[in-house]
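Visitor: I'd like a close look at one part of this model, please: its pockets, starting with the lining. Take your time, and show me how the surrounding elements fit in.

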Amino acid sequence: MSQLSPMSRRSFLQGMALAGAMSAMSFRPLDAAKSSTVGALAGSAEQAPLFPQAPLTPQLFALLPTGSIKASGWLLRQLQIQASGLGGHLDEFWPIVGPDSGWSGGKGESWEDGPYFLDGLVPLAWQLDSPQLKAKAMRFINWTLDHPWENGMFGPRSNDDWWPRMVMLKVLTQYHELTVDPRVMPLMTRYFHYQLQAMPARPLRDWGRMRWQDELVSVLWLYQHTHDPKLLELAQLLKQQGYDWQGDFARFRFTQKVDADALRKQAGGTDAFMEDIGLQVHGVNNAQALKASPVWSVVSGNATDRDAIHHQLLMLDTYHGLPNGMFSADEHLAGRSPSQGTELCTVVETMFSLELALAITGDAALGDRLERIAFNALPAALTDDMWTHQYNQQPNQVECSLHRQPWTTDGPESNLFGLEPNFRCCTANFHQGWPKFANSLWMATADQGLAAMSYAPCMVKTVVRDVPVVVEQVSDYPFRQTVTITIKPQRALAFPLRLRMPAWSQDTHITVNGKSIKAADGFTTIERTWAPGDVVEVRFNAGVKIEQGYSGALSFSRGALVYVLPIKENWVIWRKRGPTNDWQVYPGSRWNLGIEPDVPVVVSEHPIGEKPFAGVTPAVQLALQGRYVPAWKAEEGNAEPVPAKVEPSNDEPVQAITLVPYAGAKLRITAFPSLS
């Protein structure tokens, strides 16, 4: 079977029974009987985390079972905003995941969108303990579990593509951890056994071939529960048929902005390696590929596999890195200019890959990267109420309007804020970002302890050395630099507590019950017998950092937050989309400023608003000075690449400017010309 190019993805979807999905919807009430599983399984016993056992390779950390961590403080407000926006209402007016979805037994969309939506809806519903959201999720879950195919396949019968089932398997593993539903593991086992015998004749192709590592995560999850040897056979087959991402990055050739169609023509179809060139340079594929080598290392036991993610990130940073922690991909790898964009799907899939890789490798630097993306790139691509999103975001984003530059592949709607700008995958997929981040804040350690991996307010309920333990983390991090952690074991209990130390924090101060503990690089380990109510306080020391990037451009960060020049925003409705709108955003202030590299910066902190990242209530501001650079202009609503040599205006005085957190400015300058 011929493989699909990224552009043919749209044609492929159009053939997947979309006509029924896009017809006028008649809403029908949820079937109470099919939702009853939620009530029956609520309040299941807390589960201990699973670590790989021989013949799998040990790892330093393990994610706690989904549901072990409950967000609080500002992070809880973020999840509530998501539930009040598209995350909680999308199925009510967007036919793609509406009542006629193929993943709930209808004749509508039957490919990736239903599973994508559930991959965020399921953890969100249980994070908020929302009966309404759980019922929405159960419409899909019950149908999927109760309608397997006779041969072991599952899902809509209108297609047998391996790829969308890879996403649904991730959904089912989370759902099982939340509910211990006895239907999940038998269905997964039958499916994997079927796949093992079917794949030699019907191998992975296109998206499934590129994203085999996402299924491997679910295969290993089930193996750790059942120890079924056939699952390790399937793991080997997935690796054999899947794309060799590690080899691709070892000989990385995509060192400039990519025109995928031009590369295909250049290849001429003669080189098997170049046959699916568009998929190799596709941003979301590369984001998901970051987990490939670490996850495979659990099977192979090879340290080279485990550590290969660092070379992947180095290549992406060197040739496509952006100041917000992401790499450009609009829709394919696009170089380092901060006027290039990054797809929202790429953002959330990079986060998930980093969450898994952090557990497997134990490298604290991956936590730094994860936080930079989570606290900047993720909220930046969404309006503050999460009723609209962008397909592509730009660090230097001076206008969101219908224009074709600087995109190579994507269309003119790419950076609009709307329901489904450019293409609808992000509409369904972005929902996983915040809930999965919340579920990865704490992890178990291989020596039967706990580790703080990322910092945000939360409550952890888990089991350590067979003893129930509650951990309460109170903090306004990343807007503030203090984290208070209260340890509450059911009884006095000895175990190690590990705290990730961000590399940007100098002279971090740690106390336990008021007594100082020396901080270490990477992770600080505190070994002691913990009594109920013991308090750990961490005070990070975040100075303003000025980083040089593309063409020597200057960007500013402090701790995990990136800071930008906000441009006055004039929002104009382009079209109505049910309860939401598609918006264009036009600039109402000048933005073409240059800054001296040794400019003094004054930091000021302000109250954190109900919408934590909202630009109208910036929690932190940086005050500094700059000068206008008249030669730096916009073309077709897009800021020209940052010039390497700039001439500031001598006719205008030095400007006092204020920078705000990246996500709070939907029009912004992140990378400034250097006036050196």
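Guide: Happy to. In this predicted model, the lining of the largest pocket is made up of 14 nonpolar, nine polar and eight charged residues. That pocket holds about 830 Å³ of space. In total 31 residues line the pocket, and those nearest its centre are Pro 323, Arg 369, Arg 372, Lys 545 and Glu 547. Four elements each give two or more residues to this lining: helix H18 (303-320), H20, strand S15 (544-548) and strand S16 (554-558). Which element has the largest share of the lining? It is H20, with five residues.

H20 is a good place to turn from the pocket to the fold. Helix H20 (residues 364-380) lies across strand S10 (493-501) and S13, and runs at about 60° to S10. S10 and S13 belong to an open sheet of five strands, ordered S1-S5-S6-S10-S13, with mixed pairing. At its edges are strand S1 (61-63) and strand S13 (522-530), each of which pairs on one side only. From one strand to the next, the twist averages 30°. Within this sheet, strand S5 (residues 442-445) and strand S6 (residues 450-452) run antiparallel and are joined by three bridges. If you want a spot to click on there, Ala 444 stands opposite Leu 450 in S6.

A second helix meets the five-stranded sheet too: helix H19 (residues 344-361) lies across S1 and S5, running at about 145° to S1. H19 and S1 bring us to another pocket. The second largest pocket has a volume of about 690 Å³. Its lining counts 31 residues, with Leu 63, Glu 177, Val 217, Trp 221 and Leu 356 closest to its centre. Two or more residues of that lining come from each of S1, helix H8 (162-179), helix H11 (212-226), helix H17 (292-300) and H19. H11 provides the largest share, six residues. By class, this lining has 17 nonpolar, 10 polar and four charged residues. For a side-by-side view, set that against the 14 nonpolar, nine polar and eight charged residues of the largest pocket.

Enclosed space deserves a look as well. Searching the whole structure gives three cavities of 30 Å³ or more. The largest cavity contains about 90 Å³ of space. Of its 13 lining residues, Gln 78, Pro 379, Thr 383, Asp 384 and Phe 613 are closest to its centre. The lining of this cavity divides into eight nonpolar, two polar and three charged residues. Pro 379 is a name to hold on to, as H20 spans residues 364-380.

Now for the other sheet. Seven strands form an open sheet in the order S2-S7-S8-S9-S14-S11-S12, and their pairing is antiparallel. Strand S2 (69-71) and strand S12 (515-517) are the edge strands, each pairing on one side only. Ignoring direction, neighbouring strands of this sheet are turned by 20° against each other on average. At the S2 edge, three bridges join S2 to S7 in an antiparallel arrangement, and Ala 71 stands opposite Cys 458 in S7.

S7 and S14 also help to place an aromatic contact. The whole structure has 33 aromatic pairs. One of them, Tyr 455 with Phe 540, is edge-to-face, at 5.2 Å centre to centre and 65° between the planes. This pair links distant parts of the chain, 85 residues apart: Tyr 455 sits in the loop between S6 and strand S7 (458-464), while Phe 540 sits in the loop between strand S14 (534-539) and S15. S15, you may recall, also gives residues to the lining of the largest pocket.

Last stop, further along the chain, is strand S22 (residues 620-628). S22 pairs antiparallel with strand S20 (residues 593-594) over two bridges, where Gly 594 stands opposite Arg 627. Four bridges join S22 to strand S21 (residues 602-605), again antiparallel, with Glu 605 and Val 620 as bridge partners. Strand S25 (residues 655-661) is joined to S22 by five bridges and also runs antiparallel to S22; there Gln 625 stands opposite Ala 656.

Note on methods: Residues numbered from 1 in each chain as written. Predicted model: local features only at pLDDT ≥ 70, side-chain atom pairs only at ≥ 80, totals over all residues. Heavy atoms only, no water. Pairing = 2+ DSSP bridges. Axes fitted to C-alpha atoms, helices over the stretch in contact; angles between N-to-C directions. Contact = heavy atoms within 4.5 Å. 1 Å grid on protein atoms, 1.4 Å probe; cavity = no way out; pocket = protein on both sides within 12 Å on 5 of 7 lines; lining within 4 Å. Points joined across faces, edges and corners; volume = space filled by probe spheres on them. Nonpolar A, V, L, I, M, F, W, Y, C, P; charged D, E, K, R; others polar. Phe/Tyr/Trp six-rings, centres within 6.5 Å; stacked < 30°, edge-to-face > 60°.
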